[in-house]
Amino acid sequence: MDVLCSLLVNAIHNFLKNQRVQTLFINGCNMQKRKEPLTQSCVIGGSATMLQDSRGYNLHYVSQRCIQSLIPSMKDNQRSTGCWWCVVGNKYSAPFPLTMVGTLKQNEQSLPEIEEKSPHERNTTQELRGAQRPLMAKVQETRTQQEGKTYPAKRQAEHETTRDYKVQLQLMRLQAEARQLRDKDDKRHTMCEHSAEIRQLEGDSHSHGKEWSQEDHILHTKLHDMQDMLEHKQKEHEEMCRKLQEMQCHAEEISSLHTSLGGTDLEKHRDLLVSENERLKQELHQLRSQRDCEKKQELGALKERLLHMEQEESERKVLICALQREVQQKAERLAEAELRVRDSVRERVEEEERLNRRLREYQLSQQPHIKYVVKTVEVESEKMKAAVNQAEARNNHLQEQMDRQNQVVQDMKWQLQREQQEVNKLRAQVALYAAELDHAQEQMVQEFRSMQEEKELAVSEAFERAQEEMRAVHQSLDGVRKNLLMLQPALRTLTNDYNVLKRQVRDFPDLLCGAIREARDEFSQAVKSVQATNSELLSKYRRELYLRKECHNQLVRLRGNIRVLARVRPITPEDETGAGARNVVSFDQDDDGILYITNKGKIQSFEMDKTFPPRTTQEEVFDEVSPLITSCLDGYNVCILAYGQTGSGKTYSMEGTASNPGINQRALRLLLSEVSERSRSWEHHLSVSMVEIYNETLRDLLGSDCNISLDIKMAPGGSGELYVPGLTQCNVRNMHDINKILELGRKQRATEHTNLNAHSSRSHALLILTAKGRETSTGICTTGKLYLVDLAGSERVSRSGAAGERLREAQCINRSLSALGDVFSALRSQQAHVPYRNSKLTYLLQEALSRDGKALLLLQVSPAEQNVNESLCSLRFGDRVRSVELGVPSRKIEQQPTSATESSESDSPSPRGARPTSLRKKVPASGIPNYHIKGCVRLLYFRPEISPEKCISRDNTRETNCSSVTLCHI
Ligand SMILES: Nc1ncnc2c1ncn2[C@@H]1O[C@H](COP(=O)(O)OP(=O)(O)OP(=O)(O)O)[C@@H](O)[C@H]1O
């Protein structure tokens with residue numbers, strides 16, 4: 001900025017040095033705001049006052065706008081005072097001269113003085129002015145446009161002003177150089193004058209000759225020097241000219257640069273304006289063409305109109321011609337008529353003359369003296385002649401007047417005639433009109449009359465109609481009145497009803513709530529009663545079901561059917577997961593003897609004596625079988641078999657776990673408790689054996705060596721009883737004995753791992769309890785045997801994955817199980833031969849599975865879908881077994897001689913030595929055992945559900961202990 005300031009200062013100083021500037025305007029507002037420019041202004045003169053004092057210039061700080069407004073007025077000042085200078089500064093970006101508004105004016109004013117000084121300078125200045133003028137015009141335009149710009153355009157304007165500023169600097173530099181050239185040119189001019197003086201002096205020297213030879217030589221030398229100097233100056237001048245040309249080229253370049261750079265907003269604006277101007281021109285052209293077109297159209301229309309008018313004119317001309325011809329004809333006719341009138345007038349005149357002549361002749365003939373007088377007058381007096389002439393003239397005049405009058409009269413007569421004709425015509429017309437009028441009047445009168453009549457008719461009709469309507473209205477009104485009178489009570493009733501309904505509607509929610517409440521109560525009561533009835537019916541049904549069951553059980557007992565119970569184990573982790581572990585077994589809600597199995601979408605039902613769902617506890621299962629178990633204390637052979645596929649829970653049901661024991665332990669415990677209960681009248685001895693049938697070999701699980709194979713033998717003496725020689729029998733007196741025995745047997749039993757069970761029993765395990773009792777009072781001895789059998793798992797070899805030894809085991813197991821099935825089958829079909837001896841198992845169970853025993857089959861069923869086929873097989877097997885009738889079981893009773901009783905009979909001897917007489921009661925199919933009581937035969941019913949020892953008389957009046965009677969064979 002300092003450089004710019006110094007440039008400005010130099011430019012101003014250089015300019016002011018040669019110009020008589022008296023007023024300097026600077027955009028002082030900004031300079032006053034900013035210290036630096038003010039300081040720079042001090043470089044010029046320190047301050048406005050100092051400038052004025054030191055150099056005689058007036059320095060005014062004014063705003064740019066103020067300068068703009070002052071310029072016109074300053075022109076006047078400039079004219080009066082001489083030159084003026086104006087520097088307009090910008091705000092921040094270019095604080096120093098952007099435009100020198102007064103410069104051109106100043107130059108123009110100073111031109112005459114310059115021209116006086118140097119033609120070369122004048123040319124240079126003119127060239128400069130020519131180069132400067134478009135720039136200044138551009139700058140001025142920029143300035144003017146800048147004034148109109150708003151602040152957002154300032155930055156662009158500042159950019160433009162910077163460029164303008166550069167141009168200005170260039171111009172200023174050119175001007176400074178031009179001034180230097182002009183100074184040099186002045187010097188050259190001075191030198192030229194000097195050379196002219198020298199040449200004059202040279203001439204003088206020649207004329208003086210030798211006198212001034214020395215002086216001449218000196219001057220000559222000086223001349224040479226001066227010539228050298230002149231040449232040098234000329235060279236300098238040429239150099240300057242060349243530089244000036246270069247500068248002019250530079251100036252042209254700058255101007256071209258300026259024009260090429262001219263991508264400013266202003267130029268764009270100018271381009272826009274140019275394009276806008278072009279567009280406006282085009283629009284103008286279009287408008288002109290449009291206007292021409294419209295004009296042409298109008299002209300065409302006018303021409304058409306003119307043609308039309310000309311046609312009309314020609315028509316009118318034709319019409320006029322026709323009219324003229326008509327007029328002419330009429331004129332001709334008029335002329336003819338005039339001629340005729342004249343002829344007629346002449347004829348009349350002639351007639352009058354003739355008449356006058358005849359009159360005169362007549363007068364003359366009548367008055368001859370008058371003719372005389374006339375002749376006298378004619379002859380005698382000139383005066384008279386004149387008078388006569390006058391009289392004749394007068395007479396002619398009068399005649400003419402009379403003719404005229406006659407003519408007038410004639411005209412008037414004609415006119416009168418015409419008028420009379422017209423009057424006649426008019427009269428005729430009037431008469432016609434009058435007739436028409438009369439006719440019209442008559443018509444009108446007639447119409448009026450008809451209308452009057454119509455009106456009267458219509459009025460009368462309307463009146464009649466109105467009267468009828470009125471009557472109808474009156475009637476309806478009467479009806480309405482009557483209805484109203486009738487409706488009033490109805491309305492009253494309706495109003496009452498409405499009020500009642502309104503009240504009801506108002507009370508309806510309460511009523512509804514109450515009704516709903518009542519209905520709900522009634523409904524709940526009904527539901528309760530239905531529920532009560534239902535529950536009653538259900539309880540009755542259950543009771544009935546229970547009774548039916550009891551009856552069935554009793555029938556089963558009486559028939560000696562093998563009871564079949566089905567126990568379904570829960571899904572275990574061994575069943576794995578997935579579709580195969582899905583439960584397919586369901587139960588009947590009301591009948592605990594029915595279960596359903598879903599296989600391949602079909603549901604099959606099976607009826608058993610009782611079913612146990614998976615949630616059934618060991619205790620519940622045992623409760624069901626416990627009566628059977630205790631019956632062994634009464635001398636029955638009882639057998640409970642656990643049957644099912646491997647892993648279905650046979651061992652679980654029979655042995656159970658330590659914490660949840662199965663039937664075996666519970667049975668022993670129950671029998672112990674029974675024994676202790678009966679200990680007052682009975683002496684019981686319980687002994688337990690445990691055997692295992694493994695691969696068709698009978699092994700003693702309680703013996704010292706369980707690998708010894710035992711045999712089953714028939715007891716000697718023909719009793720048909722079987723016994724196993726060498727079988728260990730352990731007495732059971734307490735729970736300790738039981739636990740010890742069961743533990744030992746469990747340990748000895750052969751179990752292996754199979755695909756279907758981690759601890760599969762590979763053998764049939766039998767717990768055989770022998771209960772011997774003796775009634776102390778009677779000496780009756782009973783021997784009952786309880787077989788608790790945990791069969792080996794029935795399975796398919798392929799599924800169990802058995803091979804080698806396992807395969808043999810499986811084959812043996814299946815063989816023995818099929819032997820068991822054969823036995824049941826033979827029993828079911830009541831064959832004479834039952835193949836007990838086909839397997840060790842059936843042979844050993846012969847006593848229990850014969851017609852003397854009680855048997856119960858506990859079917860173990862797996863609920864998993866993957867075992868559904870095995871489950872179905874088991875259930876079908878159970879179904880078959882269920883229909884097996886073993887017959888009415890018999891007790892094994894022995895009579896020992898006591899003090900109170902007499903020994904009547906003894907049966908076959910005991911296989912183990914002398915045994916008391918045993919009585920085996922054969923019960924007939926009717927289920928009524930016959931007993932000999934003290935020599936007489938009395939029939940007693942056997943009521944096992946009351947007590948096995950009780951008997952009742954046939955008439956059902958007396959009940960007695962079986963043990964208290966003396967029994968004998970029938
Ligand atoms: N009612 C039940 N409640 C709980 N778990 C049971 C039940 N029945 C069986 N189980 C379980 O099922 C698995 C197999 O039972 P268990 O060994 O008694 O079958 P099994 O018929 O004796 O088989 P195998 O013939 O191969 O000896 C055992 O883990 C057992 O605990």
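Student: What makes β6 and β7 a pair?

Tutor: Strand β6, residues 594–599, is joined to β7 by six bridges, and the two run antiparallel. Two strands count as a pair once DSSP finds at least two bridges between them, so β6 and β7 qualify. One spot to look at is tyrosine 596, which stands opposite serine 605 in β7. Bear in mind that this is a predicted model.

Student: Which strands make up the sheet around β6, and what makes some of them edge strands?

Tutor: It's an open, antiparallel sheet of three strands in the order β5-β6-β7. β5 (585–587) and β7 (602–607) each pair on one side only, and that makes them the edges. On average, neighbouring strands here are turned by 30° against each other, ignoring direction.

Student: What is odd about lysine 600, and where does it sit?

Tutor: Its phi is near 55°, a positive value in a residue that isn't glycine. Most residues other than glycine have a negative phi. Lysine 600 lies in the loop between β6 and β7.

Student: Is lysine 600 called buried or exposed, and why?

Tutor: Exposed: there are 7 other C-beta atoms within 10 Å of lysine 600. The cut-off for exposed is 12 or fewer, so a count of 7 passes it.

Student: Which label does glutamate 696 get, and why?

Tutor: Glutamate 696 has 18 C-beta neighbours inside 10 Å and counts as partly exposed. Buried needs 20 or more and exposed needs 12 or fewer, so 18 falls in between. Glutamate 696 sits in the loop between β10 (682–694) and β11 (697–700), and its phi is also positive, near 60°.

Student: What lies across β6 and β7?

Tutor: Helix α21, residues 868–882, running at about 145° to β6.

Student: How do you know what span to expect for α21?

Tutor: The expected span is 1.5 Å times one less than the number of residues, so the 15 residues of α21 give 21 Å. From first C-alpha to last, the helix reaches 20 Å, close to that figure.

Student: Which residues of α21 are buried, and what covers them?

Tutor: The buried ones include Val868, Leu875, Phe877 and Val881, along with Glu870 and Arg882. Their cover includes β4, β6, β7, β9 (637–644), α18 (805–828) and β20.

Student: Why is β4 described as largely enclosed?

Tutor: Strand β4 covers residues 563–568, and six of the six are buried, so the rest of the structure largely encloses it. Arg563, Leu565 and Arg567 point one way, while Val564, Ala566 and Val568 point the other, and all are buried.

Student: Which strands pair with β4, and in what sense?

Tutor: β4 pairs in the parallel sense with β20 (residues 853–861) over six bridges. β4 also pairs in the parallel sense with β8 (residues 610–612), over three bridges. In residue terms, arginine 567 stands opposite glutamine 860 in β20, and leucine 565 has lysine 610 of β8 as its bridge partner.

Student: Which residues does UniProt list for "binding site"?

Tutor: An unreviewed UniProt entry lists Gly644, Gln645, Thr646, Gly647, Ser648, Gly649, Lys650 and Thr651.

Student: Are serine 648 and glycine 649 buried or exposed, and how do you know?

Tutor: Serine 648 has 29 other C-beta atoms within 10 Å, and glycine 649 has 22 neighbours inside that radius. Buried starts at 20, so the 29 of serine 648 and the 22 of glycine 649 both make it. Serine 648 is in the loop between β9 and α14 (650–654), and glycine 649 is in the loop between β9 and α14 too.

Student: What do serine 648 and glycine 649 touch beyond their sequence neighbours?

Tutor: With neighbours up to four places away set aside, serine 648 contacts Arg569, Gln860, Val861 and Ser862. Glycine 649 touches Arg567, Arg569 and Gln860 on that basis.

Student: Which residues touch the most other members in the largest nonpolar core?

Tutor: Of its 85 residues, Ala566, Cys639, Ile640, Leu769, Tyr787, Val789 and Leu857 do. α18 gives the most to this core, with nine residues. Nonpolar side chains in soluble globular proteins tend to be buried together.

Student: What does cysteine 639 contact?

Tutor: Beyond its neighbours within four places, cysteine 639 contacts Tyr787, Val789, Leu845, Ala848, Leu849, Gly853 and Ala855.

Terms used
Residues numbered from 1 in each chain as written. Predicted model: local features only at pLDDT ≥ 70, side-chain atom pairs only at ≥ 80, totals over all residues. Helix = DSSP H or I, 4+ residues; strand = E, 2+ residues; numbered from the N terminus. Axes fitted to C-alpha atoms, helices over the stretch in contact; angles between N-to-C directions. Contact = placed C-beta atoms within 7 Å. UniProt positions renumbered as here; feature names shortened; annotations may be inferred. Core = buried A, V, L, I, M, F, W, Y, C linked by C-beta atoms within 7 Å.
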